[in-house]
Amino acid sequence: MEAFQYQTDAVNFMIRESLEDPYGRSFLFLIYLEEGAAFRGKFLSPYLKPSEWVPFDSFQEFQESADHLIRQTLKRDAREEAVRCCRQWIAEGLPMQPDYVLCCTKTADGDWTGRYIRKSESQIYCFDGKSQLEKRLNDHKKWWG
């Protein structure tokens, strides 16, 4: 595991890592959860406008919105837009500290694999599949939320 300072180093690392994917198959999501909610909140992605929020009320809804965005992105080449957005985030900072920074790829069977960072931690976690990600995010939420 790599150690980082969350607010600056880790978030910037994950943002840069998503941009360095030469095939454009890595997708970045900054997840902001509502206080006290099971798994409800909103997310940002560089494949949207820099400050365009997507709300969700459950992990299932988050996953469906993220999958929809991934499908839309794969239909068009939005790499330059994502690079511009991420550069803006790195230069100007994020609107607030995300609870999770998720960098994932979509597998051939439509599932996800990737890495994520949890708020106030200094390590990067790996996951293999949406069900494993959901379990881990919900377990973390119980632990600190």
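What share of the contacts in the protein chain with a separation of 6 or more comes from residues 24 or more positions apart? The share is 55%, where a contact means heavy atoms within 4.5 Å. The structure is a predicted model, in which local features need pLDDT of at least 70, side-chain atom pairs count only at pLDDT 80 or more, and totals for chains, interfaces and linings use all residues. Residues are numbered from 1 along each chain as its sequence is written, and side-chain values use heavy atoms, with hydrogens and water left out.

Confidence is given as pLDDT, the predictor's score for each residue from 0 to 100. The protein chain averages 79. A score of at least 70 is reached by 81% of the residues. Among the elements, β3 has the highest mean pLDDT, at 96. Helix α1 (residues 6-19) has the lowest, at 68. Over residues 1-6 the pLDDT is below 50. This stretch nevertheless has 25 contacts in the model beyond near neighbours in sequence. Where pLDDT is low, predicted coordinates should not be read in detail.

The protein chain contains 4 helices and 6 strands. These are DSSP runs numbered from the N terminus: helices are H or I runs of at least four residues, and strands are E runs of at least two. From the N terminus, the order is α-β-β-β-α-α-β-β-β-α. The chain has 145 residues, and 46% of them are buried. Buried means under 20% relative accessible area, exposed means over 50%, and partly exposed lies in between (1.4 Å probe, protein chains only). The accessible surface of the chain comes to about 7800 Å². Carbon and sulfur atoms account for 48% of that surface. Accessible areas come from the Shrake-Rupley method with a 1.4 Å probe; for residues, only the protein chains shown count as cover.

Strand pairing requires at least two DSSP bridges between two strands. Strand β1 (residues 26-33) pairs with β2 (residues 41-44) in the antiparallel sense, over 4 bridges. Here L33 has G41 of β2 as its bridge partner. Strand β2 also pairs with β3 (residues 54-56), again antiparallel, over 3 bridges. G41 recurs in this second pairing, with F56 of β3 as its bridge partner.

Strands β4 and β5 run antiparallel and are joined by 7 bridges. C104 stands opposite G114 in β5. The hairpin of β4 and β5 has 5 residues between the strands. In this hairpin, G110 takes a positive phi near 90°. Strand β5 also runs antiparallel to β6, with 5 bridges between them. T113 stands opposite D128 in β6. Of the 7 residues of β5, 5 are buried, so this strand is largely enclosed by the rest of the structure.

The largest nonpolar core has 25 residues. A nonpolar core is a set of buried Ala, Val, Leu, Ile, Met, Phe, Trp, Tyr and Cys residues joined through side-chain atoms within 4.5 Å. The residues with the most contacts inside the largest core are F29, I31, F43, F62, L102 and W112. Two or more residues each come from β1, β3, α2, β4 (100-106), β5 (112-118), β6 (124-128) and α4 (130-144). Helix α2 gives the largest share, 5 residues. A second, separate core has 16 residues, including A10, M14, C85 and C103.

Two glutamines show where individual side chains sit. Q63 is found in helix α2 (residues 59-75). Its relative accessible area is 13%, so Q63 is buried. Leaving aside residues up to four places away in sequence, Q63 touches W112 and K130. Q132 lies in helix α4. Q132 counts as partly exposed because its relative accessibility is 29%. With the same sequence neighbours left out, Q132 touches C126 and F127. The C-alpha atoms of Q132 and T113 are separated by 9.4 Å, and the two residues are 19 apart along the chain.

The cysteines were also examined. A disulfide is taken as a pair of cysteine sulfur atoms within 2.5 Å. By this rule the count is 0. C85 counts as buried because its relative accessibility is 2%. C126, at 44% relative accessibility, counts as partly exposed.
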